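Please look over the fold below. The report starts with the core, then moves to the sheet, the surface and the cysteines.

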Amino acid sequence: MFSTGSGINLSVILSSLVKLISTKPKQQKNKTHDYTRLVCGRDYVFEPIDNQTRGYMTGQGRGIKSGDYIIFQNGSSACKYQVEEIDYYSEPPDMWMALLKKDEV
């Protein structure tokens, strides 16, 4: 068996590399984006569907991804929805449209 000058053999190095490559990266926690201080109709638009269990929202903000949560005012109470799908506009680059699902907390 081939060995390096330091005494570590090639099979140990290859085994370590295979484990490193095959290890899945840790899943990042979904973020919550707070839109409660923004005004619906001016800062964002929310269009409810399916008895408000889902809806389309258009707004601005960077770093929002599928799986993240958005909290916003719906009348006098705050609502929390999870982002199912999101598409960013090309101009301005921080404007997006998302399909949301109401979070049953």
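Which residues have the most contacts inside the largest nonpolar core? They are Y35, M57, I70, F72, W96 and L100, in a core of 14 residues. A nonpolar core here is a set of buried Ala, Val, Leu, Ile, Met, Phe, Trp, Tyr and Cys residues joined through side-chain atoms within 4.5 Å. Three strands, β4 (69-74), β5 (77-88) and β6 (95-102), each supply at least two residues of this core. The largest share, four residues, comes from β5.

This is a predicted model: local features need pLDDT of at least 70, side-chain atom pairs count only at pLDDT 80 or more, and totals for chains, interfaces and linings use all residues. Residues are numbered from 1 along each chain as its sequence is written, and side-chain values use heavy atoms, without hydrogens and water.

I70 deserves a separate look. Leaving aside neighbours within four places in sequence, I70 is in contact (heavy atoms within 4.5 Å) with H33, Y35, M57, I64, C79, K80, Y81, V83, W96 and L100.

**Sheet**

The protein has one helix and six strands. Both are DSSP runs numbered from the N terminus: helices are H or I with at least four residues, strands E with at least two. The elements run α-β-β-β-β-β-β from the N terminus. In space, the six strands form an open sheet in the order β1-β4-β5-β6-β3-β2, with mixed pairing. Two strands pair if DSSP finds at least two bridges between them. β1 (32-34) and β2 (45-49) are the edge strands, each pairing on one side only. Neighbouring strands are turned by 35 degrees against each other on average, direction ignored. Axes for this are lines fitted to C-alpha atoms.

β1 and β4 pair in the parallel sense over three bridges. T32 has Y69 in β4 as its bridge partner.

**Burial and surface**

Of the 105 residues, 23% count as buried. Buried means under 20% relative accessible area, exposed over 50%, and partly exposed in between (1.4 Å probe, protein chains only). The protein exposes about 7,800 Å², and carbon and sulfur atoms supply 53% of that area. Among contacts between residues at least 6 apart in sequence, 47% join residues at least 24 apart.

**Cysteines**

How many disulfides does a search of the whole structure find? Zero. A disulfide is a pair of cysteine sulfur atoms within 2.5 Å. The table gives the exposure of two cysteines.

| Residue | Relative accessible area | Class |
|---|---|---|
| C40 | 44% | partly exposed |
| C79 | 7% | buried |

Technical notes
Areas by Shrake-Rupley, 256 points an atom, 1.4 Å probe, with all protein chains shown as cover. Axes fitted to C-alpha atoms, helices over the stretch in contact; angles between N-to-C directions.
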